[in-house]
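Trainee: This structure is new to me. Please take me through it by question and answer.

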Amino acid sequence: MTRSIFLVMGVLAILGYASMCRATTYTVGDTSGWDIATDVDSWAQDKHFVVGDVLSFQYSSSHSVAEVNRDRYEGCNTTNVLQPSSNGNTTFALTKPGDRYFICGKQLHCYAGMKLHVVVEGKAAEAPAGAPQAESGGDSTTTTIPSSKNNNPSPIVRNSSTFVRVGFKSLVFVAFTCLMSWIM
């Protein structure tokens, strides 16, 4: 009887933890990437962004990405941005609820529609101990990785968060298997 109670509690704890770790990494523009030919408004239309998700911008050397405030977004103002990046592969962690605005650093590209507004829902996330903190002036954690983007992007986009999620699922599977073998 005691074994059954511990088993049920263990399974519930694992399932509860697994449901809390459901962050999604979105590649902006999917396989087209962050590009002037990509309709990012249509891309974002069917997405539901929540605290903990990550936006991954992949772009060629003729582009850049910057997080800006609402006024700079609406006017395509590329000066005094919150978080600029031009390395071709940039991620922004969505760490708190609210509106987030991103534009291409080339003003004419922004005027042509290369800008993105997302609404992040949920409660503010608490960063785990040792996690990178947002730079002053912005509310995001930005990670930059040198780009391998070209004009013909691969349909498969790999990043470390994919491996972390797969690793966590494997851990849950192993834990569940151990619990089941302990009962049997």
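Mentor: A term to begin with: pLDDT is the predictor's confidence in each residue, on a scale from 0 to 100. This is a predicted model, in which local features need pLDDT of at least 70, side-chain atom pairs count only at pLDDT 80 or more, and totals for chains, interfaces and linings use all residues. Residues are numbered from 1 along each chain as its sequence is written, and side-chain values use heavy atoms, with hydrogens and water left out.

Trainee: How many contacts beyond four places in sequence does the model have for residues 142-166?

Mentor: The protein has a mean pLDDT of 75, with 55% of its residues at 70 or more. Over residues 127-140 the pLDDT is below 50, and this stretch has 21 contacts (heavy atoms within 4.5 Å) beyond near neighbours in sequence. Residues 142-166 also stay under 50, and the count of contacts beyond four places there is 38.

Trainee: Which strands stand at the edges of the open sheet?

Mentor: Strands (E, at least two residues) and helices (H or I, at least four) are DSSP runs, numbered from the N terminus, and two strands pair if DSSP finds at least two bridges between them. Five strands make up the open sheet, in the order β2-β8-β7-β4-β5, with mixed pairing. A strand with a single partner has one side left without a neighbour in the sheet, so the edges are β2 and β5 (83-85).

Trainee: Which residue in β8 stands opposite D99?

Mentor: Strands of a sheet pair through backbone hydrogen bonds, either parallel or antiparallel. β7 and β8 run antiparallel and are joined by six bridges. Opposite D99, in β8, stands V119.

Trainee: In β7, what is the bridge partner of E67?

Mentor: Strand β4 (residues 65-68) is covered on both faces: V65 and E67 on one side, A66 and V68 on the other, are all buried (under 20% relative accessible area, with exposed over 50% and partly exposed in between, for a 1.4 Å probe and protein chains only). Towards β5, β4 runs antiparallel with three bridges, and V65 stands opposite S85. Three bridges also join β4 to β7, again antiparallel. There, the partner of E67 is F102.

Trainee: Which residues have the most contacts inside the largest nonpolar core?

Mentor: A nonpolar core is a set of buried Ala, Val, Leu, Ile, Met, Phe, Trp, Tyr and Cys residues joined through side-chain atoms within 4.5 Å. In the largest one, which has 20 residues, the most contacts belong to W34, L55, F57 and L116.

Trainee: How many residues are in the other core?

Mentor: The largest core draws at least two residues from each of α2 (40-45), β3 and β8 (115-121). L116, not counting residues up to four places away in sequence, touches residues including W34, L55, F57, Y73 and F102. Apart from the largest core lies another, with Y73, C76, Y101 and I103 among its members, and its residue count is seven.

Trainee: How far apart in sequence are Y26 and F49?

Mentor: Aromatic rings (Phe, Tyr and the six-membered ring of Trp) pair if their centres lie within 6.5 Å; planes under 30 degrees apart count as stacked, over 60 as edge-to-face and the rest as tilted. The whole structure has eight such pairs. Y26 and F49 have ring centres 4.9 Å apart and planes at 65°, so theirs is edge-to-face. This pair links strand β1 (residues 25-27), with Y26, to strand β2 (residues 49-50), with F49, and the separation is 23 residues.

Trainee: Are Y26 and F49 buried or exposed, and which kind of pair do F92 and F102 form?

Mentor: Y26 and F49 are both buried. For F92 and F102 the ring centres are 4.9 Å apart and the planes at 55°, so the pair is tilted.

Trainee: Which residues form one aromatic cluster with F92 and F102?

Mentor: F92 is in strand β6 (residues 89-93) and F102 in strand β7 (residues 98-103), so their pair ties together parts that are 10 residues apart in sequence. Both residues are buried. The cluster that holds F92 and F102 also has W34 and F57.

Trainee: How far apart in space are S56 and N89, C-alpha to C-alpha?

Mentor: S56 belongs to strand β3 (residues 54-58), and its relative accessibility of 2% makes it buried. Beyond four places in sequence, its contacts include Y26, N89 and T91. S56 and N89 are 33 residues apart in sequence, while their C-alpha distance is 7.1 Å.
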